[in-house]
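Colleague: I am new to this structure and would love a friendly tour. Could we take it one question at a time?

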Amino acid sequence: MNKKLIGVDLGGTTIKFAILTDTGEVQQKWSLRTNILDDGRHIVPDIVESINHHIDIYGMTKDQFIGIGMGTPGTVNFANGTVKGAFNLNWRESQPVQELIEEGTGLKFVVDNDANVAALGERWKGAGNNSTDVVFITLGTGVGGGVIANNQLVHGAVGAGGELGHMNVQPGGYLCTCGNHGCLERYASATGIVQLAQDFAEQYVGNSKLSAMINDGEEITSKIVFDLAKEDDYLAVKVAEKVGYYLGMASANVANILDPEFIVIGGGVSAAGDFLLDFVKNSFQEFAFPTVRESTKLKLAELGNDAGVIGAASLAKKFM
Ligand SMILES: [Zn+2]
């Protein structure tokens, strides 16, 4: 019988788990609330207990497993399997995650950054078609990403590789949480899109439901912007076009350097679907190097929330 992989997707509100075959078929899934109290010191023991408990209730034994892979927020030290600076987990200090989980479960363990792991998931079982060269961009409250080049995740010198959200797309533009101005994240995240809409509304006097809502002080979201754009609301279309413009420029800049086979766009904002993707593709065509314009395909992510556990599990394939 083929051995199984365990994938863990650690987030600020839930911890998702899955047991997969070594070919990436999800066989069991479960989740836990993340207990971030007491400086997040319950998180790792909760993970250990939950894995041991579920292996038990599924009537399985440890020797049926290849290992455990996990995606985490924060900064990962790949040499010793520690994580720090994960502020939504209350992990300020370095956490010996690998040591504690290996000790507690008796299984081999490997950890990587959550966006990198989602990139691996989409590459393996989603829109990335198991290609050797895939870029993943996730659009949520922020913009994250992962780069797989020549079959390897790009970690960079200190693990900060693949921070696509902080690519500069507008010199002197909106101030980003990172301290710089004009990062992609400020234009293509859920919050960035709302800010663009507010700025556009301020300068627009024509007929638009979106601008009327903003002028009335109604709360708007990126979903409202795209829904109105799909109904042909003039201002909403302008905002959607601009978001696509920045995303397409960023995608072209990445593609001009890496020539990936696929750039996969996921995260909550990507629910806008082909409507958004078409704007991105137009802008990509404008900025991409001619060869890359043909070789790189832009696609929507396919795995949704499962990308994290599937990609995390794929990390553990290195123990096969
Ligand atoms: Zn930034």
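Modeller: Happily! Please keep in mind that this is a predicted model. Let us begin with the largest pocket, which is lined by 50 residues. Those that lie nearest its centre are P73, D114, A115, T138 and G144.

Colleague: Which element gives the largest share of the lining of the largest pocket?

Modeller: Several elements supply at least two residues each, among them β1 (4-10), β2 (14-21), β8 (134-139), β9 (143-149) and α12 (307-315). The helix α4 (114-125) is in that group too. With five residues, the largest share comes from α4.

Colleague: How do the residues of that lining divide by class, and what volume does the largest pocket have?

Modeller: The lining holds 16 nonpolar and six charged residues, along with 28 polar ones. As for the space itself, the volume of the largest pocket is about 1,400 Å³.

Colleague: What about the second largest pocket: which residues are the closest to its centre?

Modeller: This pocket contains about 390 Å³ of space. Its lining is made of 17 residues, and the closest to the centre are L120, N151, L153, S314 and L315.

Colleague: Which elements give two or more residues to the lining of the second largest pocket?

Modeller: By class, this lining has eight nonpolar, five polar and four charged residues. The elements that give two or more of its residues are β7 (109-113), α4, β10 (152-153) and α12.

Colleague: N151 caught my eye. Where is N151 found, and is it buried, partly exposed or exposed?

Modeller: N151 sits in the loop between β9 and β10. Its phi is positive, about 75°, although N151 is not a glycine. Most residues other than glycine have a negative phi. Because its relative accessible area is 43%, between the cut-offs of 20% and 50%, N151 counts as partly exposed.

Colleague: And N150, is that residue buried or exposed?

Modeller: N150 is also placed in the loop between β9 and β10, and its phi is positive as well, near 55°. Its relative accessibility is 62%, over the 50% cut-off, so N150 is exposed.

Colleague: Let us move to the metal. What arrangement do the donor atoms make around the zinc ion?

Modeller: The protein donors are H166 (ND1), C176 (SG), C178 (SG) and C183 (SG), at 2.0 to 2.4 Å from the zinc ion. Ideal angles for four tetrahedral donors are 109.5 degrees. Here the four donor atoms subtend angles of 106 to 120°, so the arrangement is tetrahedral.

Colleague: How are those donor residues spaced in sequence?

Modeller: Of these donors, both C176 and C183 are buried. Read along the sequence, the donor residues follow the spacing H-x9-C-x1-C-x4-C.

Colleague: In the open sheet of five strands, which are the edge strands?

Modeller: The strand order is β10-β9-β8-β11-β12, with mixed pairing. An edge strand pairs on one side only, and here the edge strands are β10 and β12 (297-300).

Colleague: In β12, which residue is the bridge partner of I265?

Modeller: Strand β11 covers residues 262-266 and pairs with β12 over four bridges, in the parallel sense. Within β12, the bridge partner of I265 is L300.

Colleague: One last stop: in β7, which residue is the bridge partner of I68?

Modeller: β7 is mostly covered, with five of its five residues buried. It runs parallel to strand β4 (residues 65-72), to which five bridges join it. In β7, the bridge partner of I68 is F109.

Notes. Residues are numbered from 1 along each chain as its sequence is written. This is a predicted model: local features need pLDDT of at least 70, side-chain atom pairs count only at pLDDT 80 or more; totals for chains, interfaces and linings use all residues. Side-chain values use heavy atoms; hydrogens and water are left out. On a 1 Å grid over the protein atoms alone, a cavity is a set of points where a 1.4 Å probe fits but cannot get out, and a pocket is an open set with protein on both sides within 12 Å along at least five of seven lines; lining residues have an atom within 4 Å of a point. Grid points are joined across faces, edges and corners, and a volume is the space filled by probe spheres set on the points. Ala, Val, Leu, Ile, Met, Phe, Trp, Tyr, Cys and Pro count as nonpolar, Asp, Glu, Lys and Arg as charged, and the others, Gly among them, as polar. Donors are N, O and S atoms within 2.8 Å of the metal (3.2 Å for Na, K and Ca); water is not among the atoms, so sites may look incomplete. Four donors count as tetrahedral if all angles lie between 85 and 135 degrees; four count as square planar and six as octahedral if opposite donors are over 155 degrees apart and all others between 65 and 115; anything else is irregular. Buried means under 20% relative accessible area, exposed over 50%, partly exposed in between (1.4 Å probe, protein chains only). Two strands pair if DSSP finds at least two bridges between them.
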